[in-house]
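Grab a viewer and work through the exercises below at your own pace. Each one sets a task and then walks through the solution.

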Amino acid sequence: MTVFKLFKSSLFRFKELEQARRISFIKIIGYLVLLSAFLAIPITFHLSKTLTKIQTDGQAIAEKIPDFTIQNDRLTPDRPTKGFIYQTDSIIFTFDPEGKRSAEDISTDMIGNFLSIGLLKDELVVVLPSSGLASELFGDSQLVLPYQDDTLQSLNDTQIRNVLQQNRLPWWLYGLAFIIALYSMFLELILTVLITTIGATIFSKLRRLPLRFFENLKIVTFAVTLPVIIAAVLSFFTTFDSSTFIMLGGLFIYIQMVRSNTRPQK
């Protein structure tokens, strides 16, 4: 059975999903990328709206940034300046030439905001929020760039202001947002499918079914199709734990497939 036929079966005829165990792993990976794209679309939609909000907030932050350069791998204001924290609806910006805050502090600030940026004494810190199962295991997405990095040696207030005060966002930023969302959802979905497969394998072993782990993995990949589509649609309107929904939905569909298509061995 082809991948396209299995896709249709995953929506209407769960019994036929048993045929997925004969699909090659290359096609399984490709199918996971396709499902990840479904999940990435609403994220990109919300992200584009957030980027517009960040653009507005960034212009307000640009006015607060004091003159500075990077000297001897340190954040160096042109005149004595105390550190400060400036918060908008979408951004928390920290300017700390005195070294009172750390990268962990910048990450902790991420409560109700989309982006946390810290110009610290020795490093630039950018923190983006994560959600779902991967977030529970690995935490927020934090980028720490020491000023000793060659790309940051020439960093100064003018460059930061120019970025924050742009009147229009570059078109490629939306494409980049989709790629980032796709990558994040792909990792999230792989993790979700693996955990669902463990549950499916335990169920099949209890019923003494001749299905191995990797066969179950292929079946589960198609079993989560309908939950993924439903989760993607709901994500346009509300925020919820899509990983748990997909996991439970995929396991339910797997069980329906087993009960209607496979008999236990005697």
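**Exercise 1. Take apart the salt-bridge network of D67, D157 and R161.**

Solution. Keep in mind that this is a predicted model.

- Step 1: start with R161 and D157, whose side chains meet in a salt bridge at 2.4 Å, N to O.
- Step 2: place them. R161 and D157 are four residues apart in helix α5, so about one helical turn separates them.
- Step 3: check the cover. Both R161 and D157 are buried; for R161 the relative accessibility is 18%, and the limit for buried is under 20%.
- Step 4: add the other bridge, R161 to D67, at 3.0 Å from N to O. This pair links distant parts of the chain, 94 residues apart: R161 sits in helix α5 (residues 157–164), while D67 is in the loop between α2 and β1 (68–71).
- Step 5: look at D67 itself, which is partly exposed with a relative accessible area of 28%.

Put together, D67, D157 and R161 make a network of salt bridges.

**Exercise 2. Now try the salt bridge between E16 and R13: are its two partners buried, partly exposed or exposed?**

Solution. The side chains meet at 3.1 Å, N to O. E16 comes out at 26% relative accessibility, so E16 is partly exposed. R13 has a relative accessible area of 40%, so R13 is partly exposed too. For the overall tally, the structure holds seven salt bridges.

**Exercise 3. Work out the geometry of the aromatic pair F25 and F214.**

Solution. There are nine aromatic pairs in the structure.

- Step 1: the ring centres of F25 and F214 are 5.8 Å apart and the planes stand at 80°, so this pair is edge-to-face. The cut-off behind that call is an angle over 60 degrees.
- Step 2: F25 belongs to helix α2 and F214 to helix α7, so the pair ties together parts 189 residues apart in sequence.
- Step 3: F25 has 36% relative accessibility and counts as partly exposed, whereas F214, at 52%, is exposed.

Another edge-to-face pair to try is F240 and F245, with 6.0 Å centre to centre and 85° between the planes. F240 is partly exposed at 29% relative accessible area, and F245 is partly exposed at 30%. Elsewhere, F68, F84, F93 and F95 form one aromatic cluster.

**Exercise 4. Which residues touch the most other members of the largest nonpolar core?**

Solution. That core has 32 residues, and L39, L189 and Y254 are the ones touching the most other members. At least two core residues come from each of α2 (25–62), α6 (172–206), α7 (213–223), α8 (225–235) and α9 (242–261). Zoom in on L39: leaving out residues up to four places away in sequence, L39 touches M185, L189, V228, A231, A232 and I246. Another core lies apart from the largest one; it has 19 residues, including I70, L75, I91 and Y147.

**Exercise 5. Find the nonpolar surface patch that contains F237.**

Solution. Join F237 with I41, F45, V233 and F236 and you have the patch, with about 500 Å² of accessible area together. F237 lies in the loop between α8 and α9 and is exposed, at 70% relative accessible area. For scale, the protein chain exposes about 14,800 Å², with carbon and sulfur atoms supplying 60% of it.

How values were computed
Residues numbered from 1 in each chain as written. Heavy atoms only, no water. Core = buried A, V, L, I, M, F, W, Y, C linked by side-chain atoms within 4.5 Å. Buried < 20%, exposed > 50% of the residue type's maximum accessible area, 1.4 Å probe, protein only. Contact = heavy atoms within 4.5 Å. Phe/Tyr/Trp six-rings, centres within 6.5 Å; stacked < 30°, edge-to-face > 60°. Patch = residues over 30% accessible without salt bridge, like charges linked within 9 Å, V, L, I, M, F, W, Y side chains within 5 Å. Areas by Shrake-Rupley, 256 points an atom, 1.4 Å probe, with all protein chains shown as cover. Salt bridge = Lys/Arg side-chain N within 4 Å of Asp/Glu carboxyl O.
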